[in-house]
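Morning, everyone. I have one structure to show, and I will go through it piece by piece. Please have a look at the screen.

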Amino acid sequence: QVQLVESGGGLVQAGGSLRLSCEASGSISSIRTMGWYRQAPGQQRDLVARITWDGSTNYADSVKGRFTISRDSAKNTVSLQMNSLKPEDTAVYYCKVSPWAGPAYWGQGTQVTVSS
């Protein structure tokens, strides 16, 4: 059984910052990629940022320069530092963990709300 525990969501004013964290625990093999996705009401779930086993990262164009993803491989955790938040960043944010073998896992989601 694999569990992903997310934390750090909340309500913030535009221009503010939040930090999301996700910890993977349980019977999970070596992790290849960890990432964050988000889904706004009525929208599809889209990639925000991801980081691979070797530290390579990629970001959605809309968050480049504002968000930073990092991981602690020893602790199976991934974090997303979100700065200069905008109302359009409002969404449920999901952690995704992809091992080298087997299916990917999703967290339960954490709400981020940015007020104008």
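Before I name any residues, one definition: two rings of Phe, Tyr or Trp count as a pair if their centres lie within 6.5 Å, and for Trp the six-membered ring is used. Also keep in mind that this is a predicted model.

Now the aromatic residues. The structure holds 3 aromatic pairs. Take tyrosine 94 and tryptophan 106: how are the two rings placed, stacked or edge-to-face? Their centres are 6.5 Å apart and the planes stand at 80°, so this pair is edge-to-face. The cut-off behind that step is an angle over 60 degrees. The pair connects distant parts of the chain, since tyrosine 94 belongs to strand β9 and tryptophan 106 to strand β10, residues 105-106, with the two residues 12 apart.

Tyr37 joins in as well: Tyr37, Tyr94 and Trp106 make up one aromatic cluster.

Next, which of these residues are buried? Tyrosine 94 has a relative accessible area of 14%, so it is buried, because the limit for that word is under 20%. Tryptophan 106 has 37%, so it is partly exposed.

There is also a charged residue here. Arginine 45 lies over the face of tyrosine 94, at 3.6 Å from the ring centre. Arginine 45 lies over the face of tryptophan 106 too, with 4.7 Å to that ring centre.

Let me stay with strand β9 and move to another residue in it. How many disulfides does the structure have? The count comes to 1. This disulfide joins cysteine 22 to cysteine 95, with 2.2 Å from S to S. Cysteine 22 sits in strand β3, residues 18-26, and cysteine 95 in strand β9, residues 91-99, so the link spans distant parts of the chain, 73 residues apart. The torsion about the S-S bond is about -80°, and therefore the disulfide is left-handed. Cysteine 22 and cysteine 95 are both buried.

From cysteine 22 we can step across to a neighbouring strand. Strands β1 and β3 pair in the antiparallel sense, over 6 bridges. Within that pairing, cysteine 22 in β3 is the bridge partner of glutamate 6.

Where do the side chains of β1, residues 2-7, point? They alternate: Val2, Leu4 and Glu6 face one way and are buried, whereas Gln3, Val5 and Ser7 face the other way and are not buried. Glutamate 6, the partner of cysteine 22, is thus on the buried face.

That is what I had. Thank you.

Note on methods
Residues numbered from 1 in each chain as written. Predicted model: local features only at pLDDT ≥ 70, side-chain atom pairs only at ≥ 80, totals over all residues. Heavy atoms only, no water. Disulfide = S-S within 2.5 Å. Helix = DSSP H or I, 4+ residues; strand = E, 2+ residues; numbered from the N terminus. Buried < 20%, exposed > 50% of the residue type's maximum accessible area, 1.4 Å probe, protein only. Pairing = 2+ DSSP bridges. Phe/Tyr/Trp six-rings, centres within 6.5 Å; stacked < 30°, edge-to-face > 60°. Lys NZ or Arg CZ within 6 Å of the ring centre and 35° of its normal.
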